[in-house]
Amino acid sequence: MAQGAWKDWSEGELVTEALFQDIQDSIAFIFASESAANSALTRKVEGTQFFDTGADALKVWTGSAWAEVGTSGLNLVANGTFSTVTGFNVDGCFTSEYRNYKIIVDGVGDTSNVEELRIQMRASGSTDTTGNTDWSVLNIFYIGGAGHSVVAALDSAYFEIVGGFINASAFSTEIEVITPQVSARTQMMYKLASHYNDSEYNTATGGGVKDETTAFDGFRIFTVGSQTLSGTYKVYGYRNS
């Protein structure tokens, strides 16, 4: 019987070692991580599968690596919370498994300090503050009437997501991170909505590029000054195919 093939059993038929191995190769095991699966499944073949309880995902062995099974183009790779902090770090979320990523942050400002929201890249637990990032942001707001403003910078030490609209109110942002793990320039595109107060509202769209070829594995999101933030974040990897 070929691995994964259907066998029509006869009553009383002997289950040989080869037949049992074929059956075992065709079921889904349960492990807490890929490393645990690799340690246990020393005879895995292409098509062997297991449920990764750490990632809440079904994975199949392609012959050289584990690949998630699913119809969604996005796979959750990291999530967490932050509480009354001026900034938070997320490390180890960008890997060679995916080229591009989406970050979603739902938060609230804890104090009435009007400040910017920024993001920097991290590698091996260190924040990259090199002044080689170019970015621009369009703010569209209602402050006694509709208006807009444009801010931009060259050779900055960060990407600016929004300038001056993080207050003691709710905000949400989506950030597309392009090729952070590849030895190429890391680019971003982002958008933000901020309920500044009961009479003012702001949305922002922007993007930029970090002009270096470092392979980054994480990021830092932070405000300028004493404004503190609380909320949740999620990081998704875009399936490569």
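Asn132 is buried, at a relative accessible area of 12%. The cut-off for calling a residue buried is under 20%, so Asn132 falls inside it with its 12%. Keep in mind that this is a predicted model.

Where does Asn132 sit? Its place is in the loop between strand S9, residues 126-127, and strand S10, residues 133-143. Leaving aside residues up to four places away in sequence, Asn132 touches Asp155 and Ser156, and also Val209, Lys210, Asp211 and Glu212. So much for the loop residue.

Now the charged pairs. In general, side chains of opposite charge can pair when their charged atoms come close. How many salt bridges does a search of the whole structure find? The search finds ten. I will go through some of them.

Take Lys59 and Glu34. These two form a salt bridge, with the closest N and O atoms 2.8 Å apart. The pair links distant parts of the chain, since Lys59 is in strand S3, residues 57-61, and Glu34 is in helix H2, residues 34-40. In sequence, the two are 25 residues apart. Is each partner buried or partly exposed? Lys59 counts as buried because its relative accessibility is 5%. Glu34 counts as partly exposed because its value is 26%.

Next is Lys102, which appears in two of the bridges I want to show. One partner is Glu174, and here the N to O distance is 3.3 Å. Lys102 lies in strand S7, residues 100-109, and Glu174 lies in strand S13, residues 170-178, so this bridge ties together parts that are 72 residues apart in sequence.

The other partner is Glu176, where the closest N and O atoms are 2.4 Å apart. This pair also links distant parts of the chain: Lys102 in strand S7 and Glu176 in strand S13, 74 residues apart.

On accessibility, Lys102 is at 10% and therefore counts as buried. Glu176, at 17%, counts as buried too. Glu174, at 28%, counts as partly exposed.

Which residues are linked with Lys102 in a network of salt bridges? They are Glu174, Glu176 and Lys191.

To recap: Asn132 is a buried residue in the loop between S9 and S10. Lys59 in strand S3 pairs with Glu34 in helix H2. Lys102 bridges to Glu174 and to Glu176, and these three residues are linked with Lys191 in a network.

How values were computed
Residues are numbered from 1 along each chain as its sequence is written. This is a predicted model: local features need pLDDT of at least 70, side-chain atom pairs count only at pLDDT 80 or more; totals for chains, interfaces and linings use all residues. Side-chain values use heavy atoms; hydrogens and water are left out. Helices (H or I, at least four residues) and strands (E, at least two) are DSSP runs, numbered from the N terminus. Buried means under 20% relative accessible area, exposed over 50%, partly exposed in between (1.4 Å probe, protein chains only). Contact means heavy atoms within 4.5 Å. A salt bridge is a side-chain nitrogen of Lys or Arg within 4 Å of a carboxyl oxygen of Asp or Glu.
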